[in-house]
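Here is a short report for a reader meeting this structure for the first time. Keep the 3D view open while you read.

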Amino acid sequence: MQTWTIGGATVTRIEEQVGPNDVVAGEFLPGLVRERFEKHLSWMVPVHYNPARDRLITSNHSWLIRIGGRTILLDTCAGNHKERPWLPRFHRQETPFLERLHAAGVLPEQIDIVLCTHLHADHVGWNTRLENGRWVPTFPNARYLYSRIEDEHWNPEVGDRRARNPARARVYDDSVSPVIAAGQAVLIETEHAIDDRLIVKPAPGHTPGQVLLDMRDGGDAAVFCGDVIHHPVQVYEPSWNMRSDEQPAVAYATRRRVLESCAMSGALLFPTHFAAPHVVSVTRGGDGFVPKFASPNQ
Ligand SMILES: [Zn+2]
């Protein structure tokens, strides 16, 4: 198990998959400047970059947070059996994700809160699972939190969205609607306190309604930032947006703000897609920041 301790909380990484992206590095990060990128080869190869195929390597994982008797799952990866022909990496997966959750000591019915940082296909997949041909909530006792702005952005019943973008509608239909139908969805407004140690805050740009989770306990701090940042080279180069950042200028501003805040507070940064060891602390340096990888302590 890969577990980090933050005050009285433990944070365990539940892996779905790690691997090369579907596209080359300069397409994944369209602002990438090759000569600046190549300065980082020594630490990126082989864990964070495959030079033979020119692919950045990313992970897809959930963060299992246990704090004060609560069990929270942050982001739910891409899920099993989902039809995603336009996303080859996540199409019709069969991964032992729930077995890995079980190995971490947690059954689906023990999850109290699911927090989706945003509603992209690789963050909502395990919201549901297939049961007798129907999509049902995977975590029957959980409240599923996500932002109202995000819901309004993705709801396929608005205007002609369903006809215009059937792929987007499909993700909402199989991974969001069943949770709403079961009465388990809780739409959160701008800032939301789960309790005094766990605050959900807006982190727009990658999507308009993306949120992050700020955790503080016993003088320690962590920021679970979803897709504010996708790859550790962006800590050095925060202006290199990722290709699906929907509002590029906002995404850059949010990334800088979050990195600045981690550099100020010493909080560990837990993104959803960094390869091993998946977590960094941040200091200021150069034109941007410098990451220091933080290995799990259990
Ligand atoms: Zn993502």
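Start with helix α11. A249 and M264 are exposed on one side of α11. On the other side of the helix the picture changes: A251, T254, R255, V258, L259 and C262 are buried. Seen down the axis of α11, the buried residues fall within an arc of 125°, so they line one face of the helix. Several elements cover these buried residues, including β13 (211-217), β14, α10, β15, β16 and β17 (288-293).

This is a predicted model. In it, α11 spans residues 248-265 and has 18 residues. From its first C-alpha to its last it reaches 26 Å, close to the 26 Å expected at 1.5 Å a residue. Just after α11 comes G266, with a positive phi of about 80°.

**The zinc site**

Which residues coordinate the zinc ion? They are D122 (OD), H123 (NE2), D227 (OD) and H273 (NE2), at 2.1 to 2.3 Å. The angles among the 4 donor atoms run from 86 to 162°, and the site is irregular. Along the chain, the donors follow the spacing D-H-x103-D-x45-H. One pair of donors links distant parts of the chain: H123 lies in helix α5 (residues 121-124), and D227 lies in the loop between β14 (220-226) and α10 (233-236), 104 residues apart. Both H123 and D227 are buried.

**Backbone exceptions**

Most residues other than glycine have a negative phi, and most peptide bonds are trans. The table lists some exceptions.

| Residue or bond | Feature and value |
|---|---|
| V45 and P46 | cis peptide bond, omega about 0° |
| A276 and P277 | cis peptide bond, omega about 0° |
| D54 | positive phi of about 55° |
| C77 | positive phi near 55° |

Where do these residues sit? P46 is in the loop between α3 (41-44) and β3 (49-50). P277 is in the loop between β15 (268-271) and β16 (280-285). D54 is placed in the loop between β3 and β4 (55-67). C77 is found in the loop between β5 (70-74) and α4 (97-103).

Are D54 and C77 buried or exposed? D54 has 18% relative accessibility, so D54 counts as buried. The cut-off for buried is under 20%. C77 has 0% relative accessibility, and therefore C77 counts as buried too.

Definitions and conventions
Residues numbered from 1 in each chain as written. Predicted model: local features only at pLDDT ≥ 70, side-chain atom pairs only at ≥ 80, totals over all residues. Heavy atoms only, no water. Donors = N, O, S within 2.8 Å, 3.2 Å for Na, K, Ca; no water. Tetrahedral: all angles 85-135°; square planar, octahedral: opposite > 155°, others 65-115°. Helix = DSSP H or I, 4+ residues; strand = E, 2+ residues; numbered from the N terminus. Buried < 20%, exposed > 50% of the residue type's maximum accessible area, 1.4 Å probe, protein only. Expected span 1.5 Å × (residues − 1). Arc of directions from axis to C-beta. Contact = heavy atoms within 4.5 Å.
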